[in-house]
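Let's take a walk through this one, a stop at a time. Keep the viewer open and rotate along as we go.

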Amino acid sequence: MKNALLGGLAAVGLLAALPATASAEELNMVCGAEQDWCELMARGFEEETGNEVLMVRKSTGETLAQVRAEASNPKIDVWWGGTGDPHLIAAFEGLTQDPGVDTSELLGWASNMHKISNGGTVGIYAGALGIAYNSEVLEERGLPAPACWKDLTNPAYAGEIQVANPNSSGTAYTELATFVQLFGEDEAYRLLTEIGKNVNQYTKSGSAPSKAAARGETTISIGFMHDMVKLAGSGFPLKIVAPCEGTGYEVGAVSVIKGAKHPELAKQFVEYALRPDVQSRSVEVKSFQVPSNSKASVAPESPDLASIKLIDYDFATYGERSTRERLLKRWNEEVKNASH
Amino acid sequence: MRKTIALWLAAGIVGFCIFPWYSVDSGFWSFSWLFSEFLSEDAAPALFQALLYGRWWFVPLALAFVGIALSFAVLKDERTRAKALVILSITGIVLLFAQGFAIGRTGPELFNDALNFGSAASGQIGFGAGAMLTAGALLFILTTSISGLGQGRGDAFIVGSIGLIIALVVTFVFYPVSQILIRAFEASDGSFDITAFFTRFFSSDIWSLACLAGGKTCGPAWNSVFLAVLTGAGTTLLGLAFALIATKTAFPAKKLLRVLTIIPIITPPFVIGLALILMFGRAGVVTDVLHEMFDISKSRWLYGFSGIYLAQLLSFTPIAFLVLIGVVEGVSPSMEEASQTLNATQWQTFKNVTWPLMRPGLANAFLLGFIESIADFGNPLVLGGNYNVLSTEIYFAIVGAVADPSRAAVLAVVLLMLTLSAFIAQRLWLGKKSYATVTGKADSGQHSPLNPALKWACYGFALPWAAFTAVVYSMIVFGSFVKLWGYDNTFTLDHYIRAFSVSFNNGIRWTGVAWDSYFTTLTISTMAAPLTAVVGLLTAYLLVRQKFAGKNMFEFSTMLSFAIPGTVIGVAYIMAFNTPPIELTGTSIILIIVFVFRNMPVGVRGGIAAMSQLDKSLDEASITLGANSFTTVRKVILPLMGPAILAALAYSFVRAITSVSAVIFLVSARHNMATSFIVGRVEHGEYGIAIAYSSVLIITMLVAILLLQVVIGQRKLRRQNRLQTSNKNKELASA
Amino acid sequence: MSIMQKAGSVQFRDVVKKYGSVTALKPLNLDIQQGELVTLLGPSGCGKTTTLRLIAGLEAATEGTIYIGGKDVTHLTATYRNVSMVFQSYALFPHMSVVDNVSYGLRVNKVPAKEAKAKAEEGLAMVGLAGYGERLPSELSGGQQQRVAVARAVVLEPEVLLLDEPLSNLDAKLRRHVREEIREIQQKLGLTAVYVTHDQEEAMAVSDRIIVMNKAEIAQSGTPRELYNQPNSAFIADFIGDANVVDCEIVGFGEGTVSLNVGGATVVLPYSGPTCQHGKLAIRPEGISVSQSATNGIAAGVSYAAYLGNQIQYSLNTGMGKLFAIDHNLSATVVPTGTEAFIHLKEEGLAFLPEA
Ligand SMILES: Nc1ncnc2c1ncn2[C@@H]1O[C@H](COP(=O)(O)OP(=O)(O)O)[C@@H](O)[C@H]1O
Ligand SMILES: [Mg+2]
């Protein structure tokens, strides 16, 4: 009996002892970019300030889900990187807070993001949407190279195009919104339906199509150009096209979570993340997005935003939940159902 | 009995009056709560929370304790006292949890109007050491008193164990799952709406049968079921072929066969899918060769049902094999011979003897394949194409661009319903005692050889498959050593270096990117494994050796978590354990707990199989010699259960390392797990490092299993000589 | 001898045991005296083991009260009853040495290690296994394992020693030897012992008293001689030794006697039970003498005769039906098969079985 008691006590003791929370000087960071870039940011901040950064990489969707679930008791202090839409949604839902940083050095699209979200999130980099094709496969199949969005409706491309599903992927939603802004809603859906006939798979993740194109699993993909640049840089025969009609873009963002346990440290981190010297380092880890600080240097491989026709992307409207739900509903009804 | 209650009463008083009630920031082991912070608002025990900080809701709980102490001291008649203690401790437990749920982090959560006075508005945080100890004390006062009333043959250890397991299962399985169910009934505006649930539940989004009518694709529910049935059948057949080869033929390379069937079990998810793409994708090696040589056009057949099915067959056949090898061995040749000497034809022998004996094992293998397939997340994610299944739909309903937790919850309910139906159907079909037959004793080591036609059928079926597995794995190893798998096949160690480099200037520094998650994974798995074994084997002991009311329900509920897919559990855990009273997100303990309760059913099964092999008279001898049941477990049963313990430890260790679906939502900055890290790399197309890391994990697990073998297995060997129970191991594996 | 015994008595008062809907024991009353060796005998499934397990505390009584040493132990579990058991399978702990096995009960009862070991050695010596202590059970023969099991049970100085078919795993020769040893130890130590067997010869050989059970209740209890000579039912008569059970006509009851008419002959038997209308007669095979030379008696046809060395066996056709007879008089001539003969019933081979 005594032994049983001791065993029980030990078990209870163990359970009781474990839930200890973190001590004070640690910044809890969730990172939505590539691992290396995440590491670079976290370690760089540690080195500079002497604070510890606890960093975990998660996709923006997972992070948004977590931030929502933890709203009453957030475990994350700062959320850095990843496409801006979820950051904006979080801001609109009141899940983030204004870090109170100086945004005067930032490029227009970045400070704009700060403004429309009432300070809830700040732009750190931008990347434009584009088309990529695997030059080897294209040649093998004797297909023409696409140059415009409209080229993708060419029936010769049947089964050769891969693109993400906007229901699950922010990239694809950006593409949908871009089409709507470029061509007007009805024409956009007509085009998307046409292209849909050539699509071999609507992937779950936004970066999957370009990876598939790089390896020749598909011939043509739609996605972010900086992802494509990186893939091409690592040796895949991937050619990148800036569509002739113009294109939309995403803004990568950083947000401080509302009720963060270490708000001061989080603010310090946001300031760090916006500094030109810090942003210029992204090339070190082969990230080719365009930095948001006007003083930061741009990698030579980066798609030159100045030479690409960029639309005036309306983040406020298209980031809104109701617009999003409406567009997705129509996409499911018209585009998804028309695909094979 | 009195002494036990006195000790637990003392423990409860310590929990209530000395230990910090809430979880303390500085951690329990810093002990600052005992000194400088003893009376601070954060670290004060419940008693002083009530006295000093106006937390009036501890008063009823305190009264319950006073009641317990009084009845304990005053009541002389044993039964009256036990009855009083049962009532009071139940009251205490109810009060403890009621206050925890009623007063949340930001004030009253329930009955806002009635409760909103005193300091209720300022809320409270999650349970800490004090609350846990108090809850434990109340629980054990309850169980000890129940045993005092003559339940469970008056054995406090038995009743206590039953109570503990029930409490744990309720807290860590039922409670989180109920959170999902609640979510499923929640309309988008937060109100509860049953009709909305049914509309969504039966929506054609989920159940569409369009593919039968020549449409594009069916709903994910049917897709999942279809895939799972075929995977269950396929893995069972392949597993059976392997099992027959391993037991009934003189196949020369049986050892190798064993290895080939073990490795997929310890392979992290995604890896098989990636290898398949690189072989059979449109640009895959094999596809290229076929194109060059036979002009077979390159196609994307791999993406969709065929790819997932192939990957699942590769991943889950070993499980079926491990189940079936025990079964095939269990069908003793003498029984078949007996039947044949009774002039039964081969077919009659099969129908009347072999089949009934193998039926439970086949059903088990099928069920395992079915559930693994339906819960599988990694393979459909990588190879799914446009073939949607429930597990990935749930994932994207939570992490997708339009996150819809209530849709995720509905899908989770569908998934749960499917797995549970399979589980229940199996139980009904087999009746209660399925395991007794599965672990039948092999009465002679000599199995009659297979009839030649069957033998060659098995070879023809299984050997190409084994070769295929071998090729897939060599591709994986190859992939970790080349620059850009598929495109630039120059040899490199880069991936390993990036993941696992170490620098030695001023002391060892773990500079590789993988170290963090690697260490966390090892720590958490090593902590989870023994806990899983303890909980699993204790449950098995109660099930096999004890009789008590509600035993069937008890067994079912401990098996339940097996039928809950990882994604569902992960989501449920976030929903349940992020807010007071039980706040565990962001800690390592939530990872440990999720592994313990997900893997517990396997510990239970293994324990049941092993324990049914131990003659019951051994424990009875110990008991009649005056040992109590706890001593009996410790001195007689545990020492004789080496292989079962080994299997439980190895299995839970491996599962903790390789599981991804449950942890992907639960990892945190401080506690990141290897699989979640690997998923990230795969997402970014960095296959090389993902595969290098996976290879290191595989080797780690092999080493760990070998170490376990050495530590526990040694005793097993000695005992095998003594007991002549050489077939015990294999039966364990079959559990 | 420092292994002292504290033998106690056992009483069952209206004890019932049910497993779900199966009644394993009907209301059972049992009195076992201190120092007595009582055997529970009966066909398989009659409830012997159940009775034993109820005494041990391994099963809880569904109804009724159990006393050991005069104390009510109905609600005590096996751990807390001072009773030891020898199992059919011996149940030696395979991972412990012989001496560890024997001292196990002492150790878990907090006897200091040294003392426990000394006592265990002594117990082993008592069963003739001194010097085997360091072996493992698997390194002993069946008979030796059996004795270790006995030693392990006895060193605890139990109030009652229970043995459940302790010899069934031994071969025939060894069985006789070991049962004598058990009886010897029991008598030397003055143990109260309850011994379960389904073998009537074994039961007769070791017991002070036999309790015959049938269909979940006691059929008859008594010394071996009482059971053999005065069976109270056809079941007992047939179960304890062989018996030919035949119809008979009751002529009348006398002072402690009953007169019967069987096969035309009248026999007077001692009988003290209540009077009744009907009854049967049990005729032991040895109670029939077969003779060709006799001129009177009951006529019988010899359908089979065999000389077995130590006895002569006959199958006989008579007016009462088929009878089986044994003649131990080896000097007698064998009445050949197929001939006619006369039989005589010896009074000491007969028992009246009244029917209600
Ligand atoms: N655990 C049990 N569950 C159900 N029935 C049982 C159990 N143990 C024994 N019985 C039944 O009780 C009756 C008596 O069994 P038992 O005492 O073992 O007989 P035996 O005289 O052969 O030792 C039998 O009919 C048996 O089937
Ligand atoms: Mg029996």
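Chain A splits into two domains, and neither is a single run of sequence: domain 1 covers 24-126 + 250-306, while domain 2 covers 128-248 + 322-338. Bear in mind that you're looking at a predicted model. Measure from one C-alpha centre to the other and domain 1 of chain A sits 27 Å from domain 2 of chain A. Where the two domains touch, domain 1 of chain A brings 12 residues to the contact and domain 2 of chain A brings 10.

How much area do domain 1 and domain 2 of chain A bury between them? It comes to about 1,000 Å², with 62% of that on carbon and sulfur atoms. On the polar side of things, there are 3 residue pairs in polar contact between domain 1 and domain 2 of chain A, counting pairs with both residues at pLDDT 80 or more. There is also 1 salt bridge between the two domains. To find a salt bridge in chain A, go to Asp85(A) and Arg324(A), whose side chains meet with an N to O distance of 3.3 Å. As for what domain 1 of chain A shows to domain 2 of chain A, that side has 6 nonpolar residues, 5 charged ones and 1 polar one.

Now swing over to chains B and C. Here 22 residues of chain B are in contact with 31 residues of chain C. The accessible area lost when parts come together is a common way to give the size of an interface. For chain B and chain C, the buried area is about 2,300 Å², and carbon and sulfur atoms account for 61% of it. Between these chains you can count 8 residue pairs in polar contact, again with both residues at pLDDT 80 or more, along with 2 salt bridges. One salt bridge to look at joins Lys547(B) to Glu59(C), with their closest N and O atoms 3.2 Å apart.

Stay on chain C for the last stop, ligand 1. Which residues surround ligand 1? Much of the list is a run along the chain: Ser44(C), Gly45(C), Cys46(C), Gly47(C), Lys48(C), Thr49(C) and Thr50(C), with Tyr19(C) and Ala24(C) also there. Zoom in on the oxygen atoms of the ligand. A polar backbone atom of Gly45(C) is 2.6 Å from an oxygen of ligand 1. From the side chains, Thr49(C) places an N or O atom 2.5 Å from a ligand 1 oxygen, and Thr50(C) has a polar side-chain atom 2.4 Å from one. Taken on its own, ligand 1 has 560 Å² of accessible area, and the protein covers 60% of it.

Definitions and conventions
Residues are numbered from 1 along each chain as its sequence is written. Chains are lettered from A and ligands numbered from 1 in the order in which they are written. This is a predicted model: local features need pLDDT of at least 70, side-chain atom pairs count only at pLDDT 80 or more; totals for chains, interfaces and linings use all residues. Side-chain values use heavy atoms; hydrogens and water are left out. Domain bounds come from an automatic or database domain assignment. Contact means heavy atoms within 4.5 Å. Buried area is the accessible area (1.4 Å probe) that two parts lose on being put together, summed over both. A salt bridge is a side-chain nitrogen of Lys or Arg within 4 Å of a carboxyl oxygen of Asp or Glu. A polar contact is a pair of N or O atoms within 3.5 Å; within protein, one must be able to donate a hydrogen and the other to accept it, and residues adjacent in sequence count only if both atoms are side-chain atoms. Ala, Val, Leu, Ile, Met, Phe, Trp, Tyr, Cys and Pro count as nonpolar, Asp, Glu, Lys and Arg as charged, and the others, Gly among them, as polar. A residue is near a molecule or strand if one of its heavy atoms lies within 4 Å of it. Accessible areas come from the Shrake-Rupley method with a 1.4 Å probe; for residues, only the protein chains shown count as cover.
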